[in-house]
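Student: I would like to work through this model by asking about its loops, its charged pairs and its cores in turn. Could you begin with the cut-off that we need for the exposure of residues?

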Amino acid sequence: MGGVGVAVGLALSSVVVDELSRSTVISGFAGTATVLGAALLALPTAKASGRGGRRAGLSLAYTAALVGCVVSALAISLRTWPLLLAGLVLVGGGSAGSLAARYSATDLSPKDRSARHLSLVVWASTIGSVAGPNLAEPADRIGRSLGLVEKAGPFAFAALAFALAVVVILVFLRPDPLTLARAGAPVEESGRNRTIRTAWQTLRSTPMARRALVMIAVSHTAMVSVMSMTPVKLHHDGSNLDVIGIVISLHIAGMYVLSPVVGWLADKAGKVPVLVLGSALLLAAAALAGTAGHRVWQVTAALVLLGLGWSCGLVAGSALVTESVPIERRPAVQGLSDLLMNVCGATGTIVAGAIVGLLGYGMLGLVVGVMVALAGLWLTAVWRRTS
């Protein structure tokens, strides 16, 4: 249900901001707002989870997203893009919830199965995430028939999806996995009140977790930078909402459909090799996107590879972060990981909007490709030196 809510807004937000602001550069702030919201809500979600378990954290994130969808629909009705961006910040709570949800699968998993268990939660959002962009057009038609202005309907539909996600979490996530895991583990003094300072201290003393966090951040930055500007590019090339929805759906399918395979491979072959594989896929995606021109099929292929590369980075990296730190410190470290990846992603979307507006979509592919290549080479060098 959370995947539906996130994906419906994902397909439309940059296009709506582009239409309201009449600026390609400003349209890039749509993705920035959503990713920034996910970053801002990462720590409150982690803090709530640390104090009250996963139910408390996830319900907080999805409730924020619900409110954001209502604000976004109102902003479209009033035709004010600053208010829409404010609503999209809260909509980012849906992403924060989905990211935090994957960690709930690792609370009780054996170390040699953490990536597989995490990947199953990532995979579970496939149906909603893939269907979401294609529901934008029908939701818009239904919304207009109910008296909403054009393009407000999809956000109203997303609000309903987030409301159902909150119900699922509060009613069915029992027993709470984090609370149950802590019941069987040694508890550090004041362990449940760990602050962000403790998360930094843990990362400084855990090189493997630190490397994984860097690769998660790079993978996410590359993905959201290219993905956030692709609907705008396709819109400017003359593609309608149906085409944009299909392209984004295939991209999201690349992110989620094969995640169980990625999780199995990470547990069997190792997390670091899968992180290197993800870098190679992201590099290929950037090259295809940067040279696509007006070829929709090539943009689509690039977006699928972009999703696969992101899946490798997120699944393998998140599992490596989780298994590298003690259970009592996990919520704080996981929250910091999600905060940093989304801050990097938000920065990436700002830069991506400026690059596309001033230099074109092709240059965005080149910049992203260079960033991913440098990160992949660094990780490979560290891996060879320490193996």
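Tutor: A residue counts as exposed when its relative accessible area is over 50%, as buried when that area is under 20%, and as partly exposed in between. Please keep in mind throughout that this is a predicted model.

Student: Is Arg-79 buried or exposed?

Tutor: Arg-79 is found in the loop between helix 3 (54–78) and helix 4, and its backbone has a positive phi of about 55 degrees although it is not a glycine. Its relative accessibility is 57%. Because the cut-off for exposure is over 50%, Arg-79 counts as exposed.

Student: What is the relative accessibility of Arg-22, which also has a positive phi?

Tutor: Most residues other than glycine have a negative phi. Arg-22, which is not a glycine, has a positive phi of about 55 degrees, and its place is in the loop between helix 1 and helix 2 (24–52). Arg-22 counts as exposed, with a relative accessibility of 76%.

Student: Which peptide bond is cis?

Tutor: Most peptide bonds are trans. In the loop between helix 8 and helix 9 (177–183) lies Pro-175, and the bond leading into this proline has an omega near 0 degrees. The cis bond is therefore, with omega near 0 degrees, the one from Arg-174 to Pro-175.

Student: How many residues of helix 4 are buried?

Tutor: Helix 4 (residues 81–104) reaches 35 Å from its first C-alpha to its last, which is close to the 34 Å expected at 1.5 Å a residue. The helix is largely enclosed by the rest of the structure, because the buried residues among its 24 number 17.

Student: Which residues are in contact with Thr-106, leaving aside its neighbours within four places in sequence?

Tutor: Thr-106 is found in the loop between helix 4 and helix 5, and at 2% relative accessibility this threonine counts as buried. Leaving aside neighbours within four places in sequence, its contacts are Ser-114, Leu-118, Thr-322, Arg-330 and Gln-334.

Student: Which side chain makes a polar contact with that of Arg-329?

Tutor: Arg-329 lies in the loop between helix 15 (296–323) and helix 16 (330–358). Its C-alpha atom is separated by 11 Å from that of Ala-46, a residue 283 places apart from it along the chain. The polar contact made by the side chain of Arg-329, at 3.1 Å, is with the side chain of Thr-202.

Student: How many residues apart in sequence are the parts tied together by Asp-267 and Arg-116?

Tutor: The side chains of Asp-267 and Arg-116 meet in a salt bridge, at 3.0 Å from N to O. Asp-267 is buried at a relative accessible area of 15%, and Arg-116 is likewise buried at 18%. Because Asp-267 lies in helix 13 (residues 259–269) and Arg-116 in helix 5 (residues 114–124), the pair ties together parts whose separation in sequence is 151 residues.

Student: Which residues are linked in a network of salt bridges with Arg-116 and Asp-267?

Tutor: A search of the whole structure finds nine salt bridges. The network that holds Arg-116 and Asp-267 also takes in Lys-271 and Glu-323.

Student: What is the distance between the closest N and O atoms of Asp-140 and Arg-144?

Tutor: Both residues lie in helix 7, four residues apart, or about one turn of the helix. An α-helix has 3.6 residues a turn, so residues three or four places apart point the same way. Asp-140 counts as buried at 3% relative accessibility, whereas Arg-144 is partly exposed at 38%. The closest N and O atoms of their salt bridge are 3.9 Å apart.

Student: Which helix contributes the largest share of the largest nonpolar core?

Tutor: The largest nonpolar core has 72 residues, and those with the most contacts inside it include Met-223, Val-226 and Leu-364. Its largest share, 14 residues, comes from residues 207–236, which form helix 11.

Student: How far from the sulfur of Cys-344 is the nearest cysteine sulfur?

Tutor: A search of the whole structure finds zero disulfides. Cys-344 is partly exposed, with a relative accessible area of 33%. The nearest cysteine sulfur belongs to Cys-312, and its distance from that of Cys-344 is 19 Å.

Key: Residues numbered from 1 in each chain as written. Predicted model: local features only at pLDDT ≥ 70, side-chain atom pairs only at ≥ 80, totals over all residues. Heavy atoms only, no water. Helix = DSSP H or I, 4+ residues; strand = E, 2+ residues; numbered from the N terminus. Polar contact = N/O pair within 3.5 Å; in protein donor to acceptor, adjacent residues only side chain to side chain. Core = buried A, V, L, I, M, F, W, Y, C linked by side-chain atoms within 4.5 Å. Buried < 20%, exposed > 50% of the residue type's maximum accessible area, 1.4 Å probe, protein only. Disulfide = S-S within 2.5 Å. Salt bridge = Lys/Arg side-chain N within 4 Å of Asp/Glu carboxyl O. Expected span 1.5 Å × (residues − 1). Contact = heavy atoms within 4.5 Å.
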